[in-house]
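Below are my notes on the model, as numbered points. Please read them alongside the sequence and the coordinates.

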Amino acid sequence: MKKRILAIDDELLILKTIRFRLEREGYEVHTAQEAEVAMELLDTQTYDLVITDLLMPVHSGLEIIQKAKQVSGSKLPVITLSAAGLEKNVIDAFRIGADDFINKPFSPEELVIRIKKLL
Amino acid sequence: MNVQNDRFFRKLKLIAIGSFCLGLGLFLVSKVLSSIATNDLRESHSQSTYSYQVLVQSNNLELQLQSVQNHSRGYILTGDPVFKNAHNRFAERANASFSGLSGFLLQKEGQDSAVQALGTSIDALTTHTKELIGWKDAGENGRIEKAVSSLKGKKLMDALMLQTSAIKEKEQDLLQHRLKQSRKMYTIIDQFTLASSILGSAFLLVAFLFIYSSLRKKEQQEKKEGDPIPYKDPVQTLPMQINYDRLTENSLGDLGFVREMLEGYLDHVPTLVNEMEQCQVPADEKELRSLAHKMRSASQVLEIAGLNSDLERIELFPDPEKNKEELRALKEKACSTFRAAFPLIEEKVRQMKM
């Protein structure tokens with residue numbers, strides 16, 4: 001059975017890249033451009049891993065991390081994506097339970113390796 | 001022509017006048033030195049001629065006086081009138097040589113006493129030889145024997161030789177001293193001329209290089225400011241570069257996906273650029289930061305380099321109220337860079353479709 005991954009980012013091209021690469025690696029990928037949609041997916045679906053951007057409009061990535069941890073009893077691994085210059089957000093993310101982070105721009109290859117490490 | 005150009009040409013004018021004055025100065029100094037050298041040469045020539053004449057006349061005088069003495073001795077010993085006539089002839093010549101020599105010597109100050117002493121000695125010698133000849137004619141051999149045994153003639157001759165030698169030595173010393181001075185002066189002039197030639201050439205070279213480089217610089221500056229920018233391949237001039245190789249590698253060589261990404265970028269980013277252009281600084285600060293963040297993310301996916309730092313600065317700009325001009329400039333720069341890049345991406349997509 002395929003592992004299910006939820007990717008959240010307000011940038012469509014990033015989501016396309018993640019989806020393209022992870023599907024090639026044999027994962028089932030769901031994507032959300034808005035945090036509200038992601039929250040809903042987390043409530044209704046089960047996932048093996050979440051990848052989320054930290055800086056998004058309306059809800060931040062921190063809220064998604066909290067939600068992911070809440071629905072899974074802290075078992076769902078979360079990888080955060082962060083642009084350079086926003087290190088404070090990364091530290092906050094780790095404080096509330098993020099498992100790993102990748103700086104943007106990221107190499108899809110690196111993302112795959114980090115995912116494999118967590119799953 | 002603007003103020004900068006005026007200043008520039010005033011500067012060039014000063015340099016040109018400076019180099020001209022220096023060149024003229026060097027020319028005048030060389031000319032003065034050349035005149036001094038010519039004058040010195042003339043004086044040396046005159047001195048040499050004079051000394052040569054003094055030496056020749058002195059030698060002649062010595063020879064003639066020796067002849068006077070020899071012929072008087074010949075007449076006393078043989079009684080042959082040939083010797084007596086020769087004696088008289090050489091005595092006249094000796095007087096003529098002395099007149100010539102004294103004429104030369106008296107051209108210079110401080111020679112009077114030497115000339116006078118020489119004249120007295122010559123008179124004494126010729127008087128003595130004439131007395132001997134007179135005694136010979138009168139048959140007064142006793143007086144002759146007495147005079148000869150007293151060595152009066154020899155003594156007079158030796159004294160004369162000493163005097164002429166002194167004159168010759170003095171003249172030789174003067175000549176050598178003069179030539180030594182000239183040699184010294186020529187060496188100095190020669191060295192100065194060499195140094196001024198090198199210095200003048202170096203100065204002219206430096207002035208030429210300075211003027212040339214200034215004109216080149218000015219030309220380039222004017223081109224930058226006013227002239228139409230020459231056409232160049234936009235890919236080379238854009239600050240924004242798309243790394244297609246990396247994009248292809250990240251897409252595992254799937255060119256269809258690469259094209260899809262580029263099309264997605266063109267569908268999406270121009271709208272963001274339009275929105276950014278409409279943002280007011282500093283009123284729409286928040287929107288501007290958000291757009292910069294989105295544009296940065298999208299560009300990073302496409303491995304577009306060259307814009308990251310500007311967009312990051314917009315996103316994290318510290319005090320837009322205070323530095324609104326700087327933020328506005330950053331915004332305009334980013335927008336114009338994006339606008340310039342879109343046709344290139346469109347062209348790439350078109351090529352990929354073929």
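In which helix of chain B does B:Arg178 lie? B:Arg178 is part of helix H5 of chain B, which covers residues 152–225. The model is a predicted one, and the points below should be read with that in mind.

1. Surroundings of B:Arg178. Leaving aside residues up to four places away in sequence, B:Arg178 touches B:Asp40, B:Glu43, B:Ser44 and B:Gln47. One of these, B:Glu43, forms a salt bridge with B:Arg178 through its side chain, at 3.2 Å from N to O. B:Glu43 belongs to helix H1 of chain B (residues 3–78) and B:Arg178 to helix H5 of chain B, so the salt bridge ties together parts that lie 135 residues apart in sequence. The two partners fall into separate burial classes: B:Arg178 has a relative accessible area of 15% and is therefore buried, given that the cut-off is under 20%. B:Glu43, at 41% relative accessibility, counts as partly exposed.

2. Chain B overall. The chain holds 11 helices and two strands. Read from the N terminus, the order of its elements is α-α-α-α-α-α-β-α-α-α-β-α-α. Buried residues make up 35% of the 354 residues of chain B. Of the contacts in chain B with a separation of 6 or more, 75% are between residues 24 or more positions apart.

3. A second salt bridge in chain B. B:Arg296 pairs with B:Glu312 in a salt bridge, and their closest N and O atoms are 3.5 Å apart. B:Arg296 sits in helix H9 of chain B (residues 285–301) and B:Glu312 in helix H10 of chain B (residues 308–315), with their positions 16 residues apart in sequence. Is B:Arg296 buried or exposed? At 2% relative accessibility, B:Arg296 counts as buried. B:Glu312, with a relative accessible area of 26%, is partly exposed.

4. Salt bridges in chain A. Over all chains, the rule gives 30 salt bridges. One of them joins the side chains of A:Lys69 and A:Asp99, at 2.9 Å from N to O. A:Lys69 is in helix H3 of chain A (residues 61–72), whereas A:Asp99 is in the loop between helix H4 (87–95) and S5 of chain A, so the pair ties together parts 30 residues apart in sequence. A:Lys69 has 10% relative accessibility and counts as buried; A:Asp99 has a relative accessible area of 35% and is partly exposed.

5. Strand S5 of chain A. The loop that holds A:Asp99 lies between helix H4 and this strand. Strand S5 spans residues 100–104, and its side chains alternate. A:Asp100, A:Ile102 and A:Lys104 point to one face and are buried, while A:Phe101 and A:Asn103 point to the other face and are not buried. In a regular strand, side chains alternate between the two faces of the sheet. Strand S4 of chain A (residues 78–83) runs parallel to S5(A), and five bridges join the two. A:Phe101 in S5(A) is the bridge partner of A:Thr80.

6. Area of the interface. How much area do chain A and chain B bury between them? The value is about 1800 Å², with 62% of it on carbon and sulfur atoms. In chain A, the residues that lose the most area to chain B are A:Glu11, A:Leu13 and A:Phe20, which together account for 30% of what that side buries. The contact involves 19 residues from chain A and 22 residues from chain B.

7. Polar and charged pairs across the interface. The rule finds two salt bridges across the interface of chain A and chain B. A:Arg24 forms a salt bridge with B:Asp254, where the closest N and O atoms are 2.6 Å apart. Residue pairs in polar contact between chain A and chain B number four, counted with both residues at pLDDT 80 or more. Helix H1 of chain A (residues 12–24) gives the largest share of the side of chain A that touches chain B, namely seven residues. By class, that side of chain A has nine nonpolar, three polar and seven charged residues.

Terms used. Residues numbered from 1 in each chain as written. Chains lettered and ligands numbered in written order. Predicted model: local features only at pLDDT ≥ 70, side-chain atom pairs only at ≥ 80, totals over all residues. Heavy atoms only, no water. Buried < 20%, exposed > 50% of the residue type's maximum accessible area, 1.4 Å probe, protein only. Helix = DSSP H or I, 4+ residues; strand = E, 2+ residues; numbered from the N terminus. Pairing = 2+ DSSP bridges. Contact = heavy atoms within 4.5 Å. Buried area = accessible area lost by both parts, 1.4 Å probe. Salt bridge = Lys/Arg side-chain N within 4 Å of Asp/Glu carboxyl O. Polar contact = N/O pair within 3.5 Å; in protein donor to acceptor, adjacent residues only side chain to side chain. Nonpolar A, V, L, I, M, F, W, Y, C, P; charged D, E, K, R; others polar.
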